[in-house]
Amino acid sequence: RLREEQDGYDYICTHVDDFKIVGRKPQMWLDVIQRAFLVKEHGPRKYYLGNDYTYHDNFGLWTYGASSYTKEAIARVERIFGCLAKQSTPFPVTDCHPEMDTSPLLGLEDHRKYQMLLGMLQWLVTICRPDLCCLVSSLNRFGACPRESHLDLAVRAFGYLKQVPDPQIAIDHRPLEYKRSKPNFKELQPDFLQDYPDAVEEVDSSFPTPFGPVMETTFMVDSDHAHDLKTRRSLTGIFGFVGSTPVLWKSKRQGAIASSTYAAEFTALRSAAEEAISLRYMLRCLGCNVPADGNHPSKLFGDNLGVILSAQNPEADLTKKHVAISFHMVRESVAAGITAPYWLKGQWNPADILTKQIPRPGFREHCDFLFWRPDFHSRTRNNLSEPKVE
């Protein structure tokens, strides 16, 4: 709802019987709620739906993570399975494929334990642990008929949580500073007027008036061609950022078998473009400043140069008919100013951890980029000027 000062909005979010107020005068809204409902407990936000919230005065920002929930989950697992050994990565080896496992099927009691572990891991992935996303996505496929090795992988995941129990995600509205790659954004000015003359970004006339600085959105996308050794379906991995805050992560098998890396990568890029459209729409519904003037597209970073060139080059020809839908959907979103694709060197693409089991050094490097580090935010706060409020 629009504030009395007419300079922004207050928000109330709910999840079943829990709610959170984000506003300038939260007590006013709490009084309204208490007149209609029994509120058992309230106060400044510290813990909500499994996440711990911390405000850092030195940096002027909030961070959140699931330290309390993780410690309780580890304690519960150790009561059942004994003391867990710490693990440096979620997967044991770089060529682990649960779909090819032939170990004995679990009995009813162990099956229930497996489902319990999956439930806790899935909630951690949902709220703040993208580093577990690839593993949990793989294990979820076997929830109805797991094997002994699947249970071992699920238990191992808690050993990894024991080693890395408290990564934090920073809530930072400033543009994402990606110093490891410096593409020349000004060079990307494709002219799709002849190919897509009617391409525009749809904007609902009922959107609330936007306030605040322009919110930039960025997506990192990757695919692993024919990742599934049993079905040969490829895997899509997507990270979405609002400002410098990761808000979306996805690791999912593609719906159809891609016959080439080109097809798999373009399918992943199309999924990222669809997520960009949805995220931009949601932000506008919340009253955030996301202009639809074509000058503030969502940046799509991918590590396949051929796909990126095909997406942004008007002269590129489509020679693979089975990729036609993804090809034209991505190019039309570029023509409408919704997205702008850029090439990113593969070893610098954090979406790699959503599609591959990579060795510990690379895995930790990507996690360091995703999660909050005081030295990183201290440096960027000193180097970046605060966005102007328009």
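Guide: Helices (H or I, at least four residues) and strands (E, at least two) are DSSP runs, numbered from the N terminus. This is a predicted model, in which local features need pLDDT of at least 70 and side-chain atom pairs count only at pLDDT 80 or more, while totals for chains, interfaces and linings use all residues. Residues are numbered from 1 along each chain as its sequence is written, and side-chain values use heavy atoms, with hydrogens and water left out.

Visitor: Asn349 lies in the loop between which strand and which helix?

Guide: Asn349 has a relative accessible area of 0%, and buried means under 20% (exposed is over 50%, partly exposed in between, with a 1.4 Å probe and protein chains only). The loop that holds Asn349 runs between strand 13 (339-343) and helix 9 (360-370).

Visitor: Which helix gives the largest share of the largest nonpolar core?

Guide: A nonpolar core is a set of buried Ala, Val, Leu, Ile, Met, Phe, Trp, Tyr and Cys residues joined through side-chain atoms within 4.5 Å. The largest one has 58 residues, and the elements that each supply at least two of them include helix 2, helix 3 and strand 9. The largest share, 9 residues, comes from helix 3.

Visitor: How many residues apart are Tyr160 and Phe363?

Guide: Rings of Phe, Tyr and Trp (its six-membered ring) pair if their centres lie within 6.5 Å, and planes under 30 degrees apart count as stacked, over 60 as edge-to-face and the rest as tilted. Tyr160 and Phe363 form an edge-to-face pair, with 6.0 Å from centre to centre and 75 degrees between the planes. Tyr160 is in helix 5 and Phe363 in helix 9, and their separation along the chain is 203 residues.
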